[in-house]
Amino acid sequence: MAGEQDLLDAVVMADERFHGEGYREGYEEGSSLGMIEGRQHGTLHGAKVGSEIGCYRGFALAWRGLLHGRATERDSKKMKVLEALIGMIQKFPYDDPTYDRLHEDLDRIRGKFKQFCSLLNVQPDFKISTEGSGLSF
């Protein structure tokens, strides 16, 4: 009977050992793949945000050049909103991926951009695709 108990203990212990080894191997593999997938996701999301901000910046700077030379009193509100938009874009933390208010600031920039477009009476549509990104009206 003692021999049977030893055999049973050996089977149970082997099962526990293999379970533990399998868990460790799976954890290591999952951690490695998680890091790779996380890096890829972060790169893609960062590129989208950068592309969007870049389009807003280019749009704003082009309009600054257009309005600056012929700014009338009627255009003063447009210029005020435009300068606020440019200021927000310049303060955006492009190089800090850990910035905790990134989404809040991005939403404020989007809102200011929409406000400026409303003053211009244009309907922008920002699209990101595999061919590139950009604004269309």
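**Close-up views of a predicted model**

**View 1. Glycine 50 on the long-numbered run of helix α1 (residues 2-70).** At 37% relative accessibility, G50 counts as partly exposed, because that class takes in values between 20% and 50%. This comes from a predicted model, so please read each view below with that in mind. G50 has its place in helix α1. Look across from G50 to Y94: the two are 44 residues apart along the chain, and their C-alpha atoms are separated by 7.6 Å.**View 2. The chain as a whole, for orientation.** The secondary structure comes to three helices and two strands. Starting at the N terminus, these elements follow one another as α-α-α-β-β. Of the 137 residues in the chain, 20% count as buried.

**View 3. The stretch that carries a UniProt annotation.** Residues 22-60 are covered by the annotation "domain: Essential protein Yae1 N-terminal", which comes from an unreviewed UniProt entry. In the model this span is 100% helix and 0% strand. The C-alpha atoms at its two ends lie 56 Å apart.

**View 4. The largest pocket and its lining.** About 280 Å³ of space lies in this pocket. Its lining is made up of 13 residues, and G46, Y94, D96, P97 and L102 are those nearest the centre. Y94 is also the partner of G50 in the C-alpha distance of 7.6 Å shown in the opening view. Helix α1 provides the largest share of the pocket lining, with five residues. Sorted by class, the lining has seven nonpolar, four polar and two charged residues.

**View 5. The one cavity of 30 Å³ or more in the structure.** The space inside the largest cavity is about 30 Å³. If you would like to find the cavity on your own screen, select R57, L61, I86, I89 and Q90, which line it. Helices α1 and α2 (76-91) each supply at least two of the lining residues. The most come from α2, which gives three. By class, the cavity lining divides into three nonpolar residues, one polar and one charged.

**View 6. Helix α3 from end to end.** This helix holds 19 residues, 102-120, and at 1.5 Å a residue it should span 27 Å. The C-alpha atoms at its ends are 27 Å apart, which agrees with that expectation.

**View 7. The two sides of helix α3.** The buried residues here are L102, D105, L106, I109, F113, F116, C117 and L120. Seen down the helix axis, these buried residues fall within an arc of 115°, so they line one face of α3. Turn to the face directed away from that buried side and you meet the exposed residues H103, K114 and S118. L102 appears in two of these views: it is buried in α3, and it is also among the residues nearest the centre of the largest pocket.

**View 8. Asparagine 121, just after helix α3.** N121 follows α3 and lies in the loop between α3 and β1 (125-129). Its phi is positive, about 65°, although N121 is not a glycine. N121 is exposed, with a relative accessible area of 69%, because exposed residues are those over 50%.

How values were computed. Residues are numbered from 1 along each chain as its sequence is written. This is a predicted model: local features need pLDDT of at least 70, side-chain atom pairs count only at pLDDT 80 or more; totals for chains, interfaces and linings use all residues. Side-chain values use heavy atoms; hydrogens and water are left out. Helices (H or I, at least four residues) and strands (E, at least two) are DSSP runs, numbered from the N terminus. The expected span of a helix is 1.5 Å times one less than its number of residues. Buried means under 20% relative accessible area, exposed over 50%, partly exposed in between (1.4 Å probe, protein chains only). The arc is that of the directions from the helix axis to the C-beta atoms. UniProt positions are given in the numbering used here, feature names are shortened, and annotations may be inferred rather than shown by experiment. On a 1 Å grid over the protein atoms alone, a cavity is a set of points where a 1.4 Å probe fits but cannot get out, and a pocket is an open set with protein on both sides within 12 Å along at least five of seven lines; lining residues have an atom within 4 Å of a point. Grid points are joined across faces, edges and corners, and a volume is the space filled by probe spheres set on the points. Ala, Val, Leu, Ile, Met, Phe, Trp, Tyr, Cys and Pro count as nonpolar, Asp, Glu, Lys and Arg as charged, and the others, Gly among them, as polar.
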